[in-house]
Amino acid sequence: MLLWPSNRWGFSCGRGADDFRELDQPFALVGTHPRCQVRLDYKRLPEVVYFIVIIGDRVQAWPLCGVAYPIWGNLKPGRQLLIGKIRVNISAQPNDAPWDHATPPPPGEAVNDVSELPSPEPETPRGILLLDWGEEIQTRKLTRSVTILGDAHPSLMRLHGVGLRDCELAIVSAGERIWAIQLNPGSISDNTPLIRELVPGGESLWVGDLHIWAGEKGRRSTRRFGGIPTPPAPPAIETAPPRISGAYPQIPALHPPAGYQPPEEHHQPTPSLDHLAGTYTDRLISITSKRASRDQMVRWAISGGLLVFALVVFAFITVRGVLPIVQAVYSD
């Protein structure tokens, strides 16, 4: 299965180079579940902690649960993921450098064609999701290459009451193509691939009570892609209002006089927690991106300064050292 363009990459959890393992697909689940591509031997961790993905030569990390010092978005070269007491080192092949790690392992369920490098640049995300949970169909435009879909934080796109887990799917978009990766490997059978491409006008992706299409609505799927169905609501029980009994007499209700108008109550709008969390997440991603750009500009400025300094030193040596010698030789 050919997925989005990506370079070769891998990870290590130790300090030695012998621990390095190359990944044979451009995404990976990090956790303790047996189907995690980066499996951690640490009992106190959840089944899945991070979703990591490489798009082109850039690696992104997205937390899927509450974790100390979480990392969001693009990773700097040589950046580590601190998960409990384990440090996960992630390495990716730059476009202008050879790959000096081990050969890739046997093909998995979704292997990218990374034999020819440099890989082409991934297209800007412009995919469209159609979401249907029985009431209405909503359209969501994808502006990020990776979007985590779920019911609660730390998902970036949240839908409540449709049978989704906190983090249900990772949506990867390159151009108009869209892929969905199941973030809960325990919810699907072992022989079911974790990834599916959403084809416009094709069969829907069914998770919980939600059907998802890409760009154009097609037929509804008859099998769920993992997910938890929403349980039916319990029947409403009509109960009589409580009656006061005892030695105290009941006080009759007071009726306002005719023409009385109660004062208007002014309620200040309460900010949505989901909106605040989403805004905070977007702010973290923006800060990380700006910091990476600033660091890149600083590196370029330092490299340019060193180049100018080297040219000045070379010119000085040439004028003061080499040129007088040449003049002395030819003057004789």
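# Briefing: strands, ring pairs and salt bridges

Val-322 sits in helix H1, which spans residues 273–331. The model is a predicted one. Val-322 is partly exposed, with a relative accessible area of 44%. The structure holds 3 aromatic pairs and 7 salt bridges. One open sheet is built from 5 strands.

**Surface patch**

- Val-322 belongs to a nonpolar surface patch of about 940 Å².
- The other members are Phe-309, Val-313, Phe-316, Ile-317, Ile-325, Val-326, Val-329 and Tyr-330.
- Patch members need over 30% relative accessible area, and Val-322 has 44%.

**The open sheet**

- The strand order is E13-E12-E14-E15-E16, and the pairing is mixed.
- Strand E13 (157–158) and strand E16 (195–198) are the edges, and each pairs on one side only.
- Strand E15 covers residues 177–182 and runs antiparallel to E16, with 4 bridges joining the two.
- Within this pairing, Ile-178 has Leu-198 in E16 as its bridge partner.

**E1, E8 and E9**

- E1 and strand E9 (residues 86–92) are antiparallel and joined by 4 bridges.
- Trp-9 is placed opposite Ala-92 in E9.
- E9 also pairs with strand E8 (residues 80–83), in the antiparallel sense and over 4 bridges.
- Leu-82 has Arg-87 in E9 as its bridge partner.
- E8 and E9 make a hairpin with 2 residues between them.
- Gly-84, in the turn of that hairpin, has a positive phi of about 60 degrees.

**Aromatic contacts**

- A pair of aromatic rings is described by two quantities, the distance of the centres and the angle of the planes.
- For Trp-4 and Phe-27, the centres are 6.5 Å apart and the planes make 40 degrees, a tilted pair.
- Trp-4 lies in the segment before strand E1 (9–12) and Phe-27 in strand E3 (residues 27–31), so the pair ties together parts 23 residues apart in sequence.
- Trp-4 is buried, at 1% relative accessible area.
- Phe-27 is buried too, at 0%.
- Ring pairs link Trp-4 and Phe-27 with Phe-51 and Trp-179 into a cluster.
- Arg-196 lies over the face of Phe-225, at 6.0 Å from the ring centre.

**Salt bridges**

- The count of salt bridges is 7.
- Glu-22 pairs with Arg-8, and their closest N and O atoms are 2.8 Å apart.
- Glu-22 is in strand E2 (residues 21–23) and Arg-8 is in the segment before E1, so this salt bridge ties together parts 14 residues apart in sequence.
- Glu-22 counts as buried, with a relative accessible area of 9%.
- Glu-168 and Arg-165 form a salt bridge through their side chains, at 3.6 Å from N to O.
- Glu-168 is buried at 0% relative accessibility, whereas Arg-165 is partly exposed at 22%.
- Asp-209 forms a salt bridge with Arg-224, with the closest N and O atoms 3.4 Å apart.
- That pair links distant parts of the chain, 15 residues apart. Asp-209 is in the loop between strand E17 (205–207) and strand E18 (210–214), and Arg-224 is in the loop between E18 and H1.
- Asp-209 is partly exposed, with a relative accessible area of 27%.
- Arg-224 is also partly exposed, at 35%.
- Glu-123, Arg-126 and Glu-176 are joined into one network by salt bridges that share partners.

**Cys-167**

- Cys-167 is placed in the loop between E13 and strand E14 (169–174).
- Cys-167 counts as buried, because its relative accessibility is 5% and the cut-off for buried is under 20%.
- Cys-167 and Asp-151 are 16 residues apart along the chain, and their C-alpha atoms are separated by 6.6 Å.

Note on methods
Residues numbered from 1 in each chain as written. Predicted model: local features only at pLDDT ≥ 70, side-chain atom pairs only at ≥ 80, totals over all residues. Heavy atoms only, no water. Patch = residues over 30% accessible without salt bridge, like charges linked within 9 Å, V, L, I, M, F, W, Y side chains within 5 Å. Areas by Shrake-Rupley, 256 points an atom, 1.4 Å probe, with all protein chains shown as cover. Salt bridge = Lys/Arg side-chain N within 4 Å of Asp/Glu carboxyl O. Buried < 20%, exposed > 50% of the residue type's maximum accessible area, 1.4 Å probe, protein only. Pairing = 2+ DSSP bridges. Phe/Tyr/Trp six-rings, centres within 6.5 Å; stacked < 30°, edge-to-face > 60°. Lys NZ or Arg CZ within 6 Å of the ring centre and 35° of its normal.
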